[in-house]
Amino acid sequence: MQAARRRQADERDGQSLRAFLVRTRELDDTEKVPTMLAAVRFSAISLLVGALICSPSVAAGAERLPGAAVEPFEPSRVRLLESPFKQLQERHRTGFVGSLEPDRLLFEFRKTAQLPQPPGVSAGYGGWDSGFIAGHYAGHYLSAASRMFAATGDDSFRNKAVAMVDVLAECQARLGGGYLAAFPSSKFDVVENTPARASVPYYTVHKILAGLLDVYALCGHRKALDVAQRMSDYFAARIAKLGPAQLDAMLRTDYAGNPANEFGGMAESLADLFVLAKAAGQPDAERHLKLAAVFQRDWFVDPLAGGEDRLSGLHGNTHIAQAVGLARYAVVTGDDRTFKAAENFWKFVTNDHSFVNGGNSFDEKLRAPRVETAGKGDSALTPETVESCNTHNMLKLSGHLFQRDPRREFADYIEHALWNHILTTIAPDSGRMVYFTPLRPGDFRTYLDSPYCCVGTGIENTARFGDSIYFHRDDTLWINLYIPSALDWREQGMRLRQESQFPVENRVLFTIEAEIPTRATLRLRVPPWCAQPPSVKHNGSPCTAAIEKGYIVLSDTWTSGDRIELTLPATPRLRRSMDDPRMVSVFYGPILLAGELGREGMPESDVAGNRTFSKITAHPVPVLVSETPDDLSTWLRPVAGAGLAFTATGVRPADGSPQTVRLAPFYQVHHQRYAVYWRLLKPDELTDLVGNQ
């Protein structure tokens, strides 16, 4: 029945796409690109688009998207203040991301279009960007540069992004018909006719589309929207020629191994394109939404919408990106089925398929529910756990779901995954990024030497750090993350400044500036890790506030200089593995602590390819011992004057001799071996363990 329904839907999609092409023919010349309303100014568009973690938002006074309950802020409205997030953002702005050269990023595009290379440019960045996913790095960079410009005001990034789009438009014109990629269109012949032999061309097309839309939305460059629309129409024309069975085979990704056609977030970007084209006055913008629906497959959506977890064995990032597309489509259209599917996917992954740091995947795959540390074979902890791209997309998924339904648990996950995975993936000294975050105790990270997929998402991450701190609707502001920042809430004539030494200190101070006394409601998230109920002071005086659905609710008429002091009590806490209660992890408040285990047996340099060091043996890890394991004070001690550093008492697993290990926030532990999972035993259990060595 599902197959028959899918065939009927594919036939309808194909008919509608073919009908569109009859009207417009193939768009191969600039003058055939649908005309936009010239009256739409960039200032209006920048308000309309909003923060693209939740993709195009809605301007004040404009019609809200049918599925949006709250709105994000456009990235330029949030500025990070001093914090670990600001430090890494600056590391990328002035270092790794800032040093990337547009002409090298464009090398494969010019080569494919047979355009001359600029003097002195003889190669791109190599690695996967010149082969497996050629051109993905340029797409990611367009997003990273646009967002870095918006997030920091550094105009050099806008200038580079705009110049790159101009070259991409030249490449598209030379290739003809709207096609644009860093590889020949013959790759799509393969994926359409023999998908089992194909690579992942739609994955790369998605990155390019997403980058173009960011340049249009955040840098105001009209040409980027034109190029993106031509791309959409080109692929609509290709897909319209495919029969239902051919289309299903091309987009089927539920088999073992890396799927032949990982098509990424095509549905997400096409939904974004619909919103932007419609806002710009495009009369037939719905064509992009119809194409987005093609990338939503019943074999994936129906079980999820029905509450079935069929994720075991699937490639993680392939399907997380598809879920992101479902969630974005639900926000744009108000569709309940795709929202329910995306919501259930999120629940399954966060509750049953994730590790202690909020990441997921064993060697890029999702495994059986609630397998964590006791798995065997393909489900065992190895150096190839927790792919960075997966969590990047889980954060996007969480943002879309929050926009549709502003529930605390979505924000809880964003906080957890930002601090304990994304922040840990970037070397604070070089800005280099990792592919996997090994969670086998005693392993170490490998910082990537070339543009793998996780480097592409990684260069976007630091510019996205401000995306999910604040959301709003009418006169209500949701404060989801306690990351020092300054917010321009101009719709209410207010500015908000958030300052803290969080998480080292548990006090967060908000200062309000208002042009005139302004009535507004602030909703401050109460994190689930709070050891005691939080406290609030208004202008130095304690105040009583209601807590609704996990948020402190403060409604008042605010004036300039008003100060709100929020105290979030935090203590060390224990978290037990889902499948082995004697394997534990230690947190302080929201922060995962990692044992610092030194560099014994490590290579001289930890910069290499993503699997270069996967065969190196893990370092032996101490066993923690206590008569009262649940009382952390019996085996965990703070290090005076060292922030969130602690020492834990344990023993050598080989002979039971005493050993002390230092623990620090996971995001601070780099270039050495570490552990975030520990065996915690009582003395009698330890005797049995040592005796069996």
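Is Asn393 buried or exposed? Asn393 is buried, with a relative accessible area of just 5%. Keep in mind that you're looking at a predicted model. Below is a quick tour of a few spots in it: two buried residues, a pair of helices, the cysteines and a sheet.

**Two buried residues**
- Asn393 sits in helix H17, which covers residues 388-404.
- If you skip its neighbours within four places in sequence, Asn393 is in contact with Asn317, Ile320, Ala321 and Val324.
- Met231 belongs to helix H10, residues 222-240.
- Met231 counts as buried because its relative accessible area is 0%, and the cut-off for buried is under 20%.
- Setting aside neighbours within four places in sequence, Met231 touches Gln172, Gly178, Leu180, Val205, Ile208, Leu209 and Leu212.
- One of those contacts, Gln172, is 59 residues away from Met231 along the chain, and the two C-alpha atoms are separated by 8.7 Å.

**Helices H6 and H7**
- Helix H6 (residues 136-152) and helix H7 (residues 155-175) have axes that come within 7 Å and cross at roughly 145°.
- That crossing of H6 and H7 is left-handed.
- On the H6 side, the residues that meet H7 are Ala138, Tyr141, Leu142, Ala145, Ser146, Met148 and Phe149.
- On the H7 side, the partners include Phe157, Ala161, Met164, Val165 and Leu168, along with Asp155, Arg158 and Lys160.
- Sorted by class, the contact between H6 and H7 has eleven nonpolar, one polar and three charged residues.

**Cysteines**
- You won't find any bridges between cysteines here: the structure holds zero disulfides.
- Cys389 is in no disulfide, and the nearest cysteine sulfur, from Cys454, is 3.4 Å away. The cut-off for a disulfide is within 2.5 Å, so that pair doesn't qualify.
- Cys389 counts as buried, at 0% relative accessibility.
- Cys219 is buried too, at 2% relative accessibility.

**The six-stranded sheet**
- Six strands form an open sheet with mixed pairing, in the order S1-S4-S5-S9-S13-S12.
- Strand S1 (71-72) and strand S12 (546-548) stand at the edges; each has a single partner strand, so one side of each is left without a neighbour in the sheet.
- Helix H18 (residues 408-420) packs on the sheet, where it touches strand S9 (518-525) and strand S13 (551-558).
- The direction of H18 makes about 65° with that of S9.
- Strand S4 (residues 470-473) pairs with strand S5 (residues 476-479) in the antiparallel sense, over four bridges.
- Phe471 stands opposite Trp478 in S5.

Definitions and conventions:
Residues are numbered from 1 along each chain as its sequence is written. This is a predicted model: local features need pLDDT of at least 70, side-chain atom pairs count only at pLDDT 80 or more; totals for chains, interfaces and linings use all residues. Side-chain values use heavy atoms; hydrogens and water are left out. Axes are lines fitted to C-alpha atoms, for helices over the stretch in contact, and angles run from 0 to 180 degrees between N-to-C directions. Helices (H or I, at least four residues) and strands (E, at least two) are DSSP runs, numbered from the N terminus. A crossing is left-handed if the near helix is turned anticlockwise from the far one by less than a right angle, and right-handed if clockwise. Contact means heavy atoms within 4.5 Å. Ala, Val, Leu, Ile, Met, Phe, Trp, Tyr, Cys and Pro count as nonpolar, Asp, Glu, Lys and Arg as charged, and the others, Gly among them, as polar. Buried means under 20% relative accessible area, exposed over 50%, partly exposed in between (1.4 Å probe, protein chains only). Two strands pair if DSSP finds at least two bridges between them.
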